[in-house]
Amino acid sequence: PAPPALLPYVPRVPPAALPGKLTATTFALERPCCVFDRHANASDAVWLVVAFANASAAFRNPPSRADVPLYEQLPTACSYMTLETAAATYACSAASPAVLRVGGDTVCGGQGGRDPCNGPLPSPGPYRVKFLVMGCHGPKAETRWSDPILLRRGTGGTAVPP
Amino acid sequence: MAKSDDGIRILQGLLVFGNVVIGMCGIALTAECIFFVSDPHGLYPLLEATENDDIYAAAWIGIFVGFALFALSILGIVGVIKSNRTLLLVYIILMLITYAFEMASCITAATHRDFLTPNLFLKQMLERYQKSEPDNNNDKWMTEGVTKTWDKLMLQNQCCGVRGPSDWQEYMSAFRITHNDADFPWPHNCCVMDARGSPVNLDGCKLGVPGYYNSNGCYDAISGPMNTHAWGVAWFGFAILCWTFCVLLGTMFYWSRTEY
């Protein structure tokens, strides 16, 4: 099978001044709009790959949906995939909120289910992310890796302000 | 003799006028201090939890001093008009005692204002707000007071934290122990609420989208009333003391000129 097409889009944390875009266990990403339209059918799924910044070079795209590393495997695989969404949601014409929130789902995970969990991140990182379009025969397109994203560490620090 | 009689009459008139002013100021001081002690903004639990509520002690003293000033001013007027040495002596002694109490109250209020800094309230908020494991009954009482006060403050003044919502992200807190960071980057009372008391847009609030969360800190809402309280007690008290000093001097002079 042909290697996935490399799209020039670089995922990034939104530049707007949102105090909640980086917290201790979550971060926000700009929603990619009009990025996948030429490479994905409406039925393909777009996944978000999250990996520790030092493990992103070693990440290999999973050949099929069954091999996708899930949230629970982050400590061992140093990466996981989440936010499985239909490609149609990222189409040019779709009206949608401007950001995606990674780590916002606190009720999933830990039950051994097979559903992609968008659970809170266990450590401040840094992380790198990229989007991966998966069709029925495997990965079809991917974006570039983002810059390293470092989460807030203040709440793990001292309790007492100076 | 006529001239000194006139002089004495003028002095009597001045002293009566001075005592009338003291009496009215005494009532005003009592009223002002009752207003502060009644805690219209509901901030007393925050002071109580700092274990240093001296500005409240100063206000309590102010209530009694104000009433004492009013009573003593009547005594003074009667003593001056009757030229009664005994009454005037009693007046002078009691007024000196009241003077000392009021001086203590003013100095306490003035110096304790410097104690009320943003970091004091920040530390208290982080350590006590929503603390789940109080050490003892006293701790539990203070924790409940702080939690209720902050919840009310954030709702009524549309504010969050001491300097802003980032207080909850920059420091560890008792709140963070029981509320996970992904669901509660800051307390939900920081969100803009609808008429029924639930957040208008919880996801927007968690992300910090303008319009769905309160971006200001609550420090102004706390320090404003407390500073007014401290300054009100301190400076009005000092003003009364200055006036009373002059009246006391005049009364002592008058006392030395009267005969039994």
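**A loop residue in chain A and the helical build of chain B**

In chain A, Ala16(A) sits in the loop that runs between β1 (5-6) and β2 (27-30). The model described here is predicted. With a relative accessibility of 42%, Ala16(A) is classed as partly exposed, because that class covers values between the limit for buried, under 20%, and the limit for exposed, over 50%. A useful landmark for finding this loop residue is Glu30(A): Ala16(A) and Glu30(A) are separated by 14 residues in sequence, and their C-alpha atoms are 9.8 Å apart in space.

Attention now turns to chain B. Its secondary structure comprises 10 helices and 0 strands, so that a walk along the sequence gives the pattern α-α-α-α-α-α-α-α-α-α. The radius of gyration of chain B is 26 Å, whereas a compact globule of 260 residues would have a value near 18 Å. Along the principal axes, the C-alpha atoms of chain B occupy a box of roughly 90 × 40 × 30 Å.

The domain assignment offers a handy way to read these dimensions. In chain B, domain 1 is made up of two segments, 1-116 + 226-257, while domain 2 covers 118-218. The C-alpha centres of domain 1 and domain 2 of chain B are 42 Å apart. Contact between them involves 12 residues of domain 1 of chain B and 13 residues of domain 2 of chain B.

Some overall values complete the view of this chain. Of the 260 residues in chain B, 47% are counted as buried. When contacts in chain B between residues at least 6 apart in sequence are considered, 73% of them link residues at least 24 apart. The accessible surface of chain B amounts to about 12600 Å², and carbon and sulfur atoms account for 64% of this area. Chain B carries 16 positive and 24 negative charges, and the mean positions of the two sets are 8 Å apart.

For a closer look, helix α5 of chain B is a good place to pause. This helix spans residues 118-128, and its buried residues are Phe121(B), Leu122(B), Gln124(B), Met125(B), Leu126(B) and Arg128(B). The cover over the buried residues of α5(B) includes several other helices of chain B, namely α2 (44-49), α6 (137-157), α7 (167-170), α8 (174-178) and α10 (219-257). Just beyond the end of α5(B), Gln130(B) adopts a positive phi of about 60°.

Key. Residues are numbered from 1 along each chain as its sequence is written. Chains are lettered from A and ligands numbered from 1 in the order in which they are written. This is a predicted model: local features need pLDDT of at least 70, side-chain atom pairs count only at pLDDT 80 or more; totals for chains, interfaces and linings use all residues. Side-chain values use heavy atoms; hydrogens and water are left out. Helices (H or I, at least four residues) and strands (E, at least two) are DSSP runs, numbered from the N terminus. Buried means under 20% relative accessible area, exposed over 50%, partly exposed in between (1.4 Å probe, protein chains only). The radius of gyration is taken over C-alpha atoms; the globule rule is 2.2 Å times the number of residues to the power 0.38. Contact means heavy atoms within 4.5 Å. Accessible areas come from the Shrake-Rupley method with a 1.4 Å probe; for residues, only the protein chains shown count as cover. Lys and Arg count as positive and Asp and Glu as negative; His and the chain ends are not counted. The place of a charge is taken as NZ of Lys, CZ of Arg, CG of Asp or CD of Glu. Domain bounds come from an automatic or database domain assignment.
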